[in-house]
Amino acid sequence: MDIHRYEKVWLAGALLLIVGFIATVSYGAVGAGITMVNDEGGQVDHDSLDEHPRFSEPGTYADGPNEYDVYVVAYQFGFEPGTQEPIRVPAGSEVTFHVTSRDVTHGFQVVGTNANTMVIPGQVSTITVRFDEAGTEEYGLLCNEYCGAAHHAMEGRIEVVPQSQWNESMEVS
Amino acid sequence: MRQLSPAAFLVLAAFTVPLAVELRTAAGLFGVELPFVAVVVFEAGLLLVLTTVYLLGRLSPDDGEAATA
Amino acid sequence: MATFVDRYPAEAKAIQATFAVAFVSLGIGALFGAIQALHRTNVFRFMDSVDYYTLLTGHGVLLALVFTIFFLAGVFQWGITESLDTPAPDIRLTWAWVGLMTAGATFAAVAILAGLFPEIPMSADVLYTFYAPLQAHPLFYVGLAMFIVGTWIAGADWFLSYRTWRRDNPDERIPLQAFMVLTTMIMWYVSTLGVAVSVVFFLIPWSLGLVDTVNSLLTRTLFWYFGHPVVYFWLMPAYLLWYTVLPKLAGGRLFSDPLARAVFVLFVLLSTPVGIHHQYLDPGIAEGFKFIAMTNTMFLLLPSLLTAFTVVASVEHGARQRGGEGYLRWLGALPWRDPAFTGMALAGLMFAAGGFSGMINAGMNINYLVHNTLWVPGHFHMTVGTAVALTFMAGTYWLLPQITGKAVYSRPIGLLQVIVWFVGMVFMSNAMHRGGLLGIPRRTAEPQYANFDFAAAVGSVGELRMQIAFGGVLLFLSVVLFLFNVAATWADDRVGTPVDDAIPEPLSPASGAPLVLDNLALWTLIAVVLVVLAYTLPILSIVSDAGLLGSSTGSPVAITLEAVAETVAAALPGVW
């Protein structure tokens, strides 16, 4: 097959670009340690979340020094916690969000950040986020997967509380 | 000045739009924040240059170039 | 002077029918798009936001499924008939699939549009992806299934044409356009399997109440098994036009037939085992499967990058045939007056930008920043919305005279139309990309929130909204001009104007292509193996985790204002 010289150069360049992209993504995964949402969250029965040890009382749980687990239930049309009362996490902590849905598929996005995940009924999405803020910060929370007629009203807040003001009443015991 | 056909003029005019719009994005990459009016001014400038080239091509075409329809 | 409609009048009639359905869908879909652009930006709202989702479902289904695939059917029928110089084996079969596809599309459209009328107890406000547990009326799913089966029969019709031709031409290379049709359909058969299983075995019985539950992650995964290759089903007819028609429009010849074949073979192999890249942020799927989907996706860039080279080289060749000289000055020698040429050239240009934003989407961990934001529609309006849709409109200007015998009503309007499309899309998709990076979500009727504002990096969110509204309106105007031009052409009488429908031989002919490229059975086999490798383990894992039928009961989407008000009032006392 007769391939023009320029075409060979272009083909080589294209393959280099492709390999380069794979390399940068691999670096992100292995080097920078950005884990994708995966199957480690396990499954739950979305019809009986009120019997689940954690999702029956969603909120912030202490897990170790500066490590917290936040359990969130998404529903039509809000987040619990998040919508009626904000999700609270202390500044300088590492927080693992465990998010599931009571009904349909939702999205969970911390606005202006890369904390973003799908929320599928029966499945638990886990993402670990570092909150490096020095002082008080507030983030918006929104559902970015169409979930029904009032999808656009589904929103919430995350409050990052300075360490000095964090007290255990903000956690679920 | 080389002649531009009316169609080529139109296509080049269309092409000035992404140039003007993306100028602001590109400036942002270097930390330069341009207001929206900058896009309008830049676009107007590009169109002015283009129109000038077009008119000059019509009024004083290069030798040996026949007028294109 | 004889053209396609004279040589093949029966096939031309069928193609006219497919184009008619395509263009009606285009018009309705574009109207909905304009309304959406004005509504979500808060520039002009005249309906309740509940209806936004009905229109959005209509926009997606009518444009991304009905318009694109009916147009493909017309182009492919033309391409296979013309390049094999063989009539359809049985024109009744041809009309059968046209009829089945049309009936299916109509059923789905009726189910969707019924959602606008609360008096009718039928709706399908589930969007073009119809993720369970959101549940539509069974007519929606049945319509889609009929539509897909119709496309399968169309493919069979074209393979039968090929078989007839092969009997009379045992030793010849498959003509390029026929090769493109057949390879595209092989890809289609492999890829529609997933969504067909989901719809036929799960969603239809579930919506009819024959089974109580479905596994939401499974049906979603089966959709995306199909959801990525469908974009190549849209692209490959556009590539067929870029490879075989655009060089001729530019005044030249296709640079290389063998490389065009290789590109289409790559699409057969790689289009389907990548679907999980639409599920990078899904729970229940291990990271390893996502990584494999990512590497496959990156290699899928190759055929498109190769296409860029061949298309530009062919166009440059044409320009030089027309007297163009120099490193860049040859661009001026191209037939910019011709809306068919200019439309395809602008579409190709925009595709380059759209391809780059697609590369971002494919970058597994980068996807966190853009998933389900407005960036994603920004990307696909440049790819399916321009590379495909604009090429189809431009191609129509060249094809319409051949299938009707009538000259296009107005070339200047055609030229204006394609340029307005390009400009409108620049504004709209630029704003969508920027908005997405701020976190503005897609698929949302009112992305204006009570608890927070989006923080713009350059400029303000208000400007982005204006840009989207402005761009969206321009796009709608462009479609109006296009449909006017097509309708006026059709309505005119034929006056026997000569039609230049000759397609020259490529510079590098088919004889230079290795014979193995024409081995369709081999490529089908490899494609199937790759799909099995990519999907068996993830699907087994999803089924073993939550069961084949899962536990998601249907969530019919509320279509009454009262129901919505109740739900919202119950859910958000803290916010209001």
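Here are some exercises, with worked solutions, on a predicted model with several chains.

**Exercise 1. Which domains does chain A have, and how many Å separate their centres?**

*Solution.* Start with the domain assignment, which gives chain A a domain 1 at 1–34 and a domain 2 at 39–167. Next, take the centres over C-alpha atoms: domain 1 of chain A and domain 2 of chain A are 37 Å apart by this reckoning.

**Exercise 2. Work out what chain A brings to its contact with chain C.**

*Solution.* Begin by counting both sides: 60 residues of chain A take part, along with 72 residues of chain C. Then sort the chain A side by element. At least two residues each come from helix H1 (5–31), strand S6 (106–110), strand S7 (116–119), strand S9 (137–142) and strand S10 (155–161) of chain A. Of the chain A side, H1(A) gives the most, with ten residues. Finally, look at chemistry: the chain A side that touches chain C holds 24 nonpolar, 26 polar and ten charged residues.

**Exercise 3. Trace the open sheet of chain A from edge to edge.**

*Solution.* Five strands of chain A make up this open sheet, in the order S4-S10-S9-S6-S7, and their pairing is mixed. The edges are strand S4 (87–90) and S7 of chain A, each of which pairs on one side only. From one strand to the next, the twist averages 20 degrees. Now zoom in on one pair: S6(A) and S7(A) run antiparallel and are joined by four bridges. As a landmark to find on screen, Gln109(A) stands opposite Asn116(A) in S7(A).

**Exercise 4. Describe the contact between chain B and chain C.**

*Solution.* Count first: 15 residues come from chain B and 15 residues from chain C. On the chain B side, helix H1 (residues 6–29) of chain B supplies the largest share, twelve residues. By type, the side of chain B that touches chain C splits into nine nonpolar, three polar and three charged residues.

**Exercise 5. Check the span of helix H12 (residues 339–362) of chain C against its number of residues, then say how covered the helix is.**

*Solution.* H12(C) has 24 residues, and the rise is 1.5 Å a residue. The expected span is 1.5 Å times one less than the number of residues, so H12(C) should span 34 Å. Compare this with the end C-alpha atoms of H12(C), which lie 33 Å apart, in agreement with the expected value. For the last step, count a residue as buried if 20 or more other C-beta atoms lie within 10 Å of its own. With that cut-off, 18 of the 24 residues of H12(C) are buried, and the helix is mostly covered.

Note on methods: Residues are numbered from 1 along each chain as its sequence is written. Chains are lettered from A and ligands numbered from 1 in the order in which they are written. This is a predicted model: local features need pLDDT of at least 70, side-chain atom pairs count only at pLDDT 80 or more; totals for chains, interfaces and linings use all residues. Domain bounds come from an automatic or database domain assignment. Two residues are in contact if their C-beta atoms, placed from the backbone, lie within 7 Å. Ala, Val, Leu, Ile, Met, Phe, Trp, Tyr, Cys and Pro count as nonpolar, Asp, Glu, Lys and Arg as charged, and the others, Gly among them, as polar. Two strands pair if DSSP finds at least two bridges between them. Axes are lines fitted to C-alpha atoms, for helices over the stretch in contact, and angles run from 0 to 180 degrees between N-to-C directions. A residue is buried if 20 or more other C-beta atoms lie within 10 Å of its own, exposed if 12 or fewer, and partly exposed in between; C-beta atoms are placed from the backbone.
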